[in-house]
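Welcome! Open the model in your viewer, keep the sequence panel at hand, and follow the stops below one by one.

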Amino acid sequence: MNKTWHQKNSMPAKATLAQRIKWHKEHQKHCSCRGVPKSLEKYFSEKKQP
Ligand SMILES: [Zn+2]
C-alpha cells in the first residue's frame, strides 16, 4: 500500500461522483491496495488501458 499517496490524497467526506472516479483513477496508478468499487466499475473501461 502506498501510504504516502494516501496521505496526500484523502477522499473528501462528501465526494461527488466525479471526484470519486477521479480519485480511483489516480489511485489505480499509484496504489493497488483495493480495486474499483462495483458501483464505479462502469466508469472504468479495462479495454482502454494503454
Ligand atoms: Zn491504496
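Begin in the sequence panel: the donor residues of the zinc ion follow the spacing H-x20-H-x3-C-x1-C. Keep in mind that you are looking at a predicted model.

Now select the zinc ion together with His-6, His-27, Cys-31 and Cys-33, the residues that coordinate it. Show their side chains and you can pick out the donor atoms: NE2 in both His-6 and His-27, and SG in both Cys-31 and Cys-33. These atoms sit at 2.0 to 2.4 Å from the zinc ion.

What geometry does the site of the zinc ion have? It is tetrahedral, with angles of 104 to 115° among the four donor atoms. For comparison, the ideal angle for four tetrahedral donors is 109.5 degrees.

Next, switch on a surface and look at two of the donor residues. His-27 has a relative accessible area of 1%, so it is buried. Cys-31 is buried as well, with a relative accessible area of 7%.

From His-27, move on to helix H2 by selecting residues 17-30. This helix has 14 residues and reaches 20 Å from its first C-alpha to its last, close to the 20 Å expected.

Which residues of H2 are buried? Colour Ile-21, Trp-23, His-24 and His-27 to see them. They lie on the same side of H2, because they cover an arc of only 165° around the axis. Add residues 3-8 to your selection: this is helix H1, against which the buried residues of H2 pack.

Finally, rotate to the face of H2 turned away from its buried side, where you will find the exposed residues Ala-18, Lys-22 and Lys-29.

Technical notes
Residues are numbered from 1 along each chain as its sequence is written. This is a predicted model: local features need pLDDT of at least 70, side-chain atom pairs count only at pLDDT 80 or more; totals for chains, interfaces and linings use all residues. Side-chain values use heavy atoms; hydrogens and water are left out. Donors are N, O and S atoms within 2.8 Å of the metal (3.2 Å for Na, K and Ca); water is not among the atoms, so sites may look incomplete. Four donors count as tetrahedral if all angles lie between 85 and 135 degrees; four count as square planar and six as octahedral if opposite donors are over 155 degrees apart and all others between 65 and 115; anything else is irregular. Buried means under 20% relative accessible area, exposed over 50%, partly exposed in between (1.4 Å probe, protein chains only). Helices (H or I, at least four residues) and strands (E, at least two) are DSSP runs, numbered from the N terminus. The expected span of a helix is 1.5 Å times one less than its number of residues. The arc is that of the directions from the helix axis to the C-beta atoms. Contact means heavy atoms within 4.5 Å.
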